[in-house]
Amino acid sequence: MSNLRLFLLLGIALLGMQLYQAWQQDYGPKLDPSLPQPEAIVPSASNDGIPNAETPVESGEVPSVPLADATAPTVSEAPVEASTSAGDRRITVSNDVLRLSISTRGAEIRQAELLTYPISLERKDVPVKLLNEDTQRYFVSQTGLVAKDLPAPDHTAVYAVEGEQFTLAAGSDAIEVPLTWTDASGISVRKVIRLDRGSFVVGVRHEITNQSGAPWRGSQYRQMQRVPPPKPSAFAFNDPELYAYVGAAIYSPDEKFQKLKFDNFVEEPYKRTFAGGWSAMQQHYFVGAWVPDPAEQTQYETAVLPANSALPTRYLMRQKSPIIEVAPGATQSVGAGLYLGPKLQNELPKVATGLQYTVDYGMVSFIAQPLFWILSHIHDLVGNWGVAIILLTLLVKLAFYRLSESQYRSMAKMRKLQPRLEALKERFGDDRQKMAQAQMDLFKQEKVNPIGGCLPILLQLPVFFALYWVIFEAVELRQAPFFLWIHDLSLKDPLYILPVLNVAVMWYTQKLSPTPGMDPVQKKVLQTMPLIFGVMFAFFPAGLVLYWLSNGLLGLIQQVVITKRIEASK
């Protein structure tokens, strides 16, 4: 078993996985718009995602929700571009890492720009938009109040605010922007948007003041609605967006982290109430998540919002708080935190328990997470993610040193027996049975196990796949430079130097690897594999190719040393 077969196994499995995921994206089950909407969820929402007045938010005494004025345009029916009307004026709220565009209609967050994450190294002045009003990438966050007998502002109510630009001042730790809504009944609401310095968490709270003669009873709802972003072509297999999970996610203390795929929103609507959880919309590198107070008994549900004249079908993830009661003459607050930012694996657990699981490592998470922990600590020491990848690869090789040594010893002995195997082949010709028996006798006599290299390879496969997903998923490696010509480890090598070096390493490894019993056609096919892998790696992220090259080069050095030692022995 040759070291080259390790690359073949990994490459075939990797390509198979990528082809399957691409097939799922293009031909897998999709939401059929002709299917009826599930009665438990969709009829409880208007076309704009507002819970319907005819369906209680919860059973019993839970307040119902007033419908939006049928004669007034709702948010989803309004133009996608920012409106200049008085009812939809835009304000900007920003700290040092976030810039939010907020509509006075509903005080909803229509756009969120991540100021420290440019869309590319060539366009450093253009930040990533996580929340976005563009029709093809529509993704917004909304909050509102619902009440039983007295008025309450939902996310289409018009708020008043003094000013248009609100920026965190130098020397300040936080900024709070109040928007106000009042009703003739004596109910007034102060909706406060808060940003802290260096934080991607947006605080949103409603302060309800009751100057009426009756108790106000209601709850806060928080929701995100979005359309799936456009997918690249299945032929663009090097584009990470083709394989990254885009969809909803939820965390509960009992069931832990769960993905809620958009395709399942109709057939498997989600509706549960629990404390200590959160709900999110996630995509490659970034996530938006509503995080309520851990002690709050929050209701979670999903819905599908049908297309209208302005927007296609949208998928909605909603939270509802427990009922609060505000006595006449009193003021009471209810709120939650909204995380809008990168999937920083060391920071997400500080925001909410389990939020780090939105970094999607799939089935190898139990290996990938500790590997990233080691990788990040190495980076803290060396300050370069490329160097950290090389050193992590070295640590993995050291951990598997004994297994690899057994593999290379078996290969070296097989290489040493190659002339005798060729002699047996000439002696027995086409008599395969006698040839096989003679080979087994020779292996037994020389104490060589022809499959001795297989077990080490099989044991290392999960680690290799875990490292692949770490490099693929980690936002920390996005736009991270290595040396010289490599400015972004998450993109392909612009000069293709790493893929060429990888071809050289694979070719020399092949020369050291015995191929007993292989016919000339198979040998020719095998000889083309380094070139095939070189073409494939030319389109892979440089961080991945750096890992493959480091792993192959370290293995080659170990194989050369052991082979020379075996060949020098009697």
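The questions and answers below deal with the nonpolar cores and salt bridges of a predicted model.

In this model, local features need pLDDT of at least 70 and side-chain atom pairs count only at pLDDT 80 or more, while totals for chains, interfaces and linings use all residues. Residues are numbered from 1 along each chain as its sequence is written, and side-chain values use heavy atoms, with hydrogens and water left out.

Trainee: Which helix gives the most to the largest nonpolar core?

Mentor: A nonpolar core is a set of buried Ala, Val, Leu, Ile, Met, Phe, Trp, Tyr and Cys residues joined through side-chain atoms within 4.5 Å. Buried means under 20% relative accessible area, exposed over 50%, and partly exposed in between (1.4 Å probe, protein chains only). The largest such core has 124 residues, and Trp216 is among those with the most contacts inside it. Helices are DSSP runs of H or I with at least four residues, strands are runs of E with at least two, and both are numbered from the N terminus. With 11 residues, the helix that gives the most to this core is H8 (residues 454–473).

Trainee: Is Glu207 buried or partly exposed?

Mentor: The side chain of Glu207 meets that of Arg190 in a salt bridge at 3.0 Å, N to O; such a bridge is a side-chain nitrogen of Lys or Arg within 4 Å of a carboxyl oxygen of Asp or Glu. Arg190 has 35% relative accessibility and counts as partly exposed. At 15% relative accessibility, Glu207 counts as buried.

Trainee: How many salt bridges does a search of the whole structure find?

Mentor: One of them joins Arg90 and Asp88 at 3.4 Å, N to O, and both residues are buried. The search of the whole structure gives a count of 18.
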